[in-house]
Amino acid sequence: MTQKPEITANAIYKVTDKVTHETYWYVPSDSKPGVYYKVCWSREATRWTCTCKAGQYGQACKHEHAAQVSIVVNKEQELLARSQEPYLPPLPTDQKGLLHSASGKVFNLLK
Ligand SMILES: [Zn+2]
């Protein structure tokens, strides 16, 4: 078996069916340009399915793997984006609603 380059997560399209709310992924074929395989999680069979040849025989294929990787990557990016949000402490205001900045300037928040 020859080692083929991994399918990059960027090339995968996540699709949610508006009617059934089913989520599936379109993963590009390595060997056939412009061909996409539909990968989805089958709740009944509790396993991944793919429309490629291997997937049709019930084998775990790289498209299923790529879809799973893209989920993990997206989750990590989401967590990363959240953790990078700056923490904003409550602004110190006095009773008149005036904000005192560290430089001594006073901003009126009640405009
Ligand atoms: Zn496949």
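This passage walks through the fold of the protein, from its overall layout to its sheet, its core and one of its helices.

The structure is a predicted model. The protein has 111 residues, and 13% of them count as buried. Two helices and six strands are found in the protein. Read from the N terminus, these elements follow the order β-β-β-β-α-α-β-β. A look at contacts between residues at least 6 apart in sequence shows that 23% of them join residues at least 24 apart.

A good place to begin is the sheet. Four strands form an open sheet in the order β1-β2-β3-β4, and their pairing is antiparallel. Strands β1 (13–16) and β4 are the edge strands, each pairing on one side only. On average, neighbouring strands of this sheet are turned by 25° against each other, with direction ignored.

Inside the sheet, strand β2 (residues 23–28) pairs with β3 in the antiparallel sense, and five bridges link the two. Two of the facing positions can be picked out by eye: Tyr24 stands opposite Cys40 in β3, and Val27 stands opposite Tyr37 in β3. On the other side of the pairing pattern, strand β3 (residues 36–42) runs antiparallel to strand β4 (residues 47–50), and four bridges join them. Here Val39 stands opposite Cys50 in β4, while Ser42 has Arg47 as its bridge partner in β4.

Strands β3 and β4 also form a hairpin, with four residues between the two strands. Thr46, in the loop between β3 and β4, has a positive phi of about 45° although it is not a glycine. A second residue worth finding is His21, which lies in the loop between β1 and β2. His21 is likewise a residue other than glycine with a positive phi, in this case near 60°. These values stand out because most residues other than glycine have a negative phi. Are these two loop residues buried or exposed? His21 counts as exposed because it has 7 C-beta neighbours inside 10 Å, and Thr46 counts as exposed because it, too, has 7 C-beta neighbours inside 10 Å. The cut-off behind this reasoning is that a residue is exposed if 12 or fewer other C-beta atoms lie within 10 Å of its own.

The next topic is the interior. The largest nonpolar core is made up of ten residues: Ile12, Trp25, Val27, Tyr37, Val39, Cys50, Cys52, Cys61, Ala66 and Ala67. The elements β2, β3 and α2 each give two or more residues to this core. One member, Cys50, helps to show how the pieces meet. Apart from its neighbours within four places in sequence, Cys50 is in contact with Tyr37, Val39, Gly55, Cys61, His63 and Glu64.

Helix α2 (residues 62–83) lies across β2, β3 and β4, and runs at about 120° to β2. Helix α2 has 22 residues and reaches 31 Å from its first C-alpha to its last, which is close to the 32 Å expected at 1.5 Å a residue. Which residues of α2 are buried? They are His63, Glu64, Ala66, Ala67 and Ser70. These buried residues are on the same side of α2 because they cover an arc of only 160° around the axis. The spacing of such residues can be understood from the helix itself: an α-helix has 3.6 residues a turn, so residues three or four places apart point the same way.

What covers the buried residues of α2? The cover includes β2, β3, β4 and α1 (53–56). The face of α2 turned away from the buried side carries the exposed residues Val72, Lys75, Glu76, Leu79, Leu80 and Ser83. Taken together, helix α2 lies across three strands, β2, β3 and β4, and has its buried residues on the same side.

How values were computed
Residues are numbered from 1 along each chain as its sequence is written. This is a predicted model: local features need pLDDT of at least 70, side-chain atom pairs count only at pLDDT 80 or more; totals for chains, interfaces and linings use all residues. Two strands pair if DSSP finds at least two bridges between them. A residue is buried if 20 or more other C-beta atoms lie within 10 Å of its own, exposed if 12 or fewer, and partly exposed in between; C-beta atoms are placed from the backbone. Two residues are in contact if their C-beta atoms, placed from the backbone, lie within 7 Å. Axes are lines fitted to C-alpha atoms, for helices over the stretch in contact, and angles run from 0 to 180 degrees between N-to-C directions. A nonpolar core is a set of buried Ala, Val, Leu, Ile, Met, Phe, Trp, Tyr and Cys residues joined through C-beta atoms within 7 Å. The expected span of a helix is 1.5 Å times one less than its number of residues. The arc is that of the directions from the helix axis to the C-beta atoms.
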